[in-house]
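Please take a little time with the sequence and the fold shown here before reading on. The paragraphs below are meant to be read with both at hand.

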Amino acid sequence: MNQIQATNFNRHSSHHDPSNTTQKRKTTNLSRIALSIIASSYLCSLNANPQATQNQSTQNQLAQNQAHSTQHEQPAQAQTMQTTATSTQDLPQSQSTQARQEAQASHTEQAEQGMQTENKAQDTQEPSLDSTQSPTQATQSPSLDSTQQSTDTPPTPHTPAQPKTPKSTQSPIEIKELDRVVTTGSALASDIASIPGNVSIIDSKAISTQANTKITDIISKQAGVHIDNNASFNPRPKVKIRGINYGTLVLLDGVILSDLEGEARILNQIFLNEVERVEIARGASSAVYGTGAIGGVINFITAMPKKLEIKASAGYGSAFIDGEADRNVASAYLSVGNAFLDKKLKVKIHGGFKRSEVYANSPSYVNATQMEEQTNNLSGYYIDNKDRYIIGTTGEREVNIYDIGIKASYELGERDELSATFRFSNHNYDTKNYKTYLRDASGNPTYTINNQNYFIGSGQTGLGTYSHILASLNYLHSFDDGIFRIQASSLNLLSKWQDAENGDTNRNFSSGKGRGQDIDTSNNYLDFIYEDLHYDRQKFTLGAQFRYHHIVQTTPILTNWRDSSTRSGYHNKYGGETFIGSIYGSLNSLWVDSSKYGKFGSTLAGRFDNWVNFDNYIEDKENAGNAELNKRFATTYLPIFSPNLALHYTPLLSSTTPQNLTLKTSVGYGFRMPTMREKYYFNFGSGGSGHEGREHSPNLKHEQALSFEIGAEYQSKWINTSLYFYNIEMFDMIYQTGDGSNTVRMRRNAGRARINGIEYTLEIPIYRALAFGANYTLTNTQFLTNTSANPNQSTKGNALPAIPKHSANFSLSYAPKYGFYGSLWAHYTSAFFYDDANTRLWGSLYSYDEQFTLNAKAGYAFANGIDISAQFLNMTNNRYWDYYIMPGASFYLQIGYKL
């Protein structure tokens, strides 16, 4: 992929070019203002690189022209785009692709009304995403300041003054321009592609042409990313970057989805059709985001309309072999958006529904004592390699997913913009169709052992409903030499789950006592950020963030586990509140800008968080006499400072050959606070063997990490590749010790642990729209010291649990703009351990086997916007255990339309 020449502080002002002393055209809306301020400051922070003036050297101009001319020869790649940006950490969400697209659409319209040919060419040079080009070509733009005019037009008297443009005598660094910069989101959670280090960008073409059925499928193909327990519909997707539990911050349009409990339950309630782009930034990011970003950050980005836009789809899929994958998967999606009032008001609404019958992904089991005490001569069961007596399956889940939302933005004036988002999503399920292996003395199927039903009450069955309400409100104001932004956002979870009471001997599939888990959380954010653009080669950003988190988790008592209205009291309960006040700053500097030596820059960032935990409590009515399990905790305070330093260097390889080498290194500190669910655990039922052996861990400390990485990225017409090495020193790492059966399962702080490895990515254009992609991740993990481990176990030197050592992805894609398209994707992960003792048992529940899947998608895109496709998932029907048993072979057919 050829890199895009990055413009920087163009503000369509008289400062744009020393040779241009007057402005040519009145800026008529905020989009142009925000475009210039936001997009250029964003790209500047990526490169710390002032844009070349129109008087740049003939040699560098030749390099730019030749780089552009070669783009039309380059085959398409619907692959992940590895950014080569020399990035920074702090750009605000106001750096808006929406603003950029709006400005360009406006300029194109003016061109069509009679603008000069050269201006029309300039304003419309960025094409829509065309799969007959490379992904880089699809985002090409000669200058983000598309209001730049020729010098023979008189200035417009009322054009507002804009932030000045730094000057440079050198040609701009060619970089991967990020064509979708979010409008909404936490002001401090700026565009993650601006974070130094190994950054991946997945564009809409890759999303639509590869085998994806949910949005977590998009990121599971990427180097360094792993999703635990990702069996079919995953109500609690745990996303890991570089092997760190709860160490990945997940965003949607910049709004934080990962609550302070480390959960992102909303993730698989968001429809795949909504996602226009995904950005993945690896490495410690606490200097930008605070807690929960030790491993990295992932931002799912949706689109806003420039004109009337309609997107609709409907699909159906099922298993090839009944019972081995989801059945009767049906979905429908519709979104409508438009721009009104001279494109000042933009509105988009969407809605989606999906229904599926999720296969039984785990067995029902009892222990040896329960089976040996049975008196009715049962047969049909078997014993697995962990001495569990497998008596059947936990049943199939009927899952329904709903998602509706609205996004809007309005230009209040030439310097002000207001935008808002509201989204409601829900998934609910009910477990049915339990399968028994048991046979009585007469050979008839039976579900009871000594008249007790062990298929329900396991904690893995039951029924539940999980609703999310997400809202954000943003205000942006531009100054002559900077921008200011305020954002308020909130994400709330309201959930109920219930199952049969494990200890009730009269429980059955339709009645009996019940026990549940009700979780209510509220996560609220208020952000302020100011970006100063006074200086040519430095950009300073200062921000403040306030976060308030509230959680209540209750174990309700039900008189009938099938009836939610029969809740009456509770067994136990915990809750608490957290307030965090944070200040943040960064300085992006370009130290060398030379046609002889290339570009060298740095980013220095730091964030101070002051944590206050208050009104934390625990109630355990089942152990009312235990004061330690029935108490209120004192308010605690914890100040934490998170620094980060990043360097980037782009040497000048050639003035005539379209290629680029970027070298990056960074060192940073990260941290994560323990969650309430890690501190306190209440038994909600655990298999037929009774309650699992667990203990509370109220004294958990926050885990800390010192992260270092160094890497290189190379782009040319023929190959795009990157190689990164990373090393993470973990202190007081929070992990789970014990297996819940032979040893008590609990959360503990390990003394010290180390995670290091490499991430390698390769992309090769083959011919026209045909491209090959591959990536490989090596993750070495080790307990260096561990004073908290079970005294009967020696874990020093062992690998950390639930982290694969080797993983790889291979893809072959053919993605023209219209006509037939198709892709193959193969995924491999080596077997890894499920406990800190590194027990070498695989092939059963809760183990992590060697994994291989082969998936394909084929479709046809018509020029009128209709798209038909077929996906074939796990075509080799390879069933393996990834904590749960993975689904077998299945298909999914879809028809879509886009206006």
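What follows moves from the chain as a whole to its sheets, its aromatic rings, its surface and a loop.

The model is a predicted one, in which local features need pLDDT of at least 70 and side-chain atom pairs count only at pLDDT 80 or more, while totals for chains, interfaces and linings use all residues. Residues are numbered from 1 along each chain as its sequence is written, and side-chain values use heavy atoms, with hydrogens and water left out.

The protein chain holds ten helices and 42 strands, where helices (H or I, at least four residues) and strands (E, at least two) are DSSP runs numbered from the N terminus. Of its 899 residues, 64% count as buried; here buried means under 20% relative accessible area, exposed means over 50%, and partly exposed lies in between, with a 1.4 Å probe and protein chains only. The accessible surface of the chain comes to about 31300 Å², and 56% of that surface belongs to carbon and sulfur atoms, the areas coming from the Shrake-Rupley method with a 1.4 Å probe and, for residues, only the protein chains shown counting as cover. Among contacts (heavy atoms within 4.5 Å) between residues at least 6 apart in sequence, 75% join residues at least 24 apart.

Strand pairing can be followed at the end of the numbering, where two strands pair if DSSP finds at least two bridges between them. Strand E42, residues 890-898, pairs with strand E11, residues 309-319, in the antiparallel sense over nine bridges, and within this pairing Tyr 316 has Leu 893 of E42 as its bridge partner. E42 is also joined to strand E39, residues 866-873, by eight bridges, again antiparallel, and here Asp 867 is matched with Gly 896 of E42.

Elsewhere, three strands form an open sheet in the order E14-E16-E15, with antiparallel pairing. Strand E14 (363-366) and strand E15 (382-383) stand at its edges with a single partner strand each, so one side of each is left without a neighbour in the sheet. Four bridges connect E14 to strand E16, residues 389-393, in the antiparallel sense, and one bridge partner of note for the eye is Gly 392 in E16, which faces Ser 364.

The aromatic rings come next. A pair of aromatic rings is described by the distance of the centres and the angle of the planes. Rings of Phe, Tyr and Trp (its six-membered ring) pair if their centres lie within 6.5 Å, and planes under 30 degrees apart count as stacked, over 60 as edge-to-face and the rest as tilted. By this rule the count comes to 23 aromatic pairs. The rings of Phe 528 and Phe 546 have centres 6.5 Å apart and planes at 80 degrees, so this pair is edge-to-face. Because Phe 528 lies in strand E23 (residues 514-532) and Phe 546 in strand E24, the pair ties together parts that are 18 residues apart in sequence. Phe 528 counts as partly exposed at 28% relative accessibility, and Phe 546 is partly exposed with a relative accessible area of 34%. In the pair of Tyr 669 and Phe 671 the centres are 6.5 Å apart and the planes stand at 25 degrees, so the pair is stacked; both of these residues are buried. Ring pairs also link Phe 832, Tyr 846, Tyr 848, Tyr 883 and Tyr 884 into a cluster.

On the surface, a nonpolar patch of about 980 Å² is made by residues including Phe 540, Leu 645, Phe 708 and Phe 725. Patches are made of residues with over 30% relative accessible area and no salt bridge, with like charges joined within 9 Å and nonpolar side chains (Val, Leu, Ile, Met, Phe, Trp, Tyr) within 5 Å; a salt bridge is a side-chain nitrogen of Lys or Arg within 4 Å of a carboxyl oxygen of Asp or Glu. Strands E24 (538-558), E28 (636-650), E30 (703-716) and E31 (720-731) each supply at least two residues of the patch, and E30 gives the most, with three residues. Phe 725 lies in E31 and counts as partly exposed at 35% relative accessibility.

The last stop is the loop between E39 and strand E40 (881-882), where Asn 874 lies. Most residues other than glycine have a negative phi. Asn 874, although not a glycine, has a positive phi of about 50 degrees, and at 5% relative accessibility Asn 874 counts as buried. Asn 877 lies in the loop between E39 and E40 as well; its phi is positive, about 55 degrees, and at 25% relative accessibility Asn 877 counts as partly exposed.
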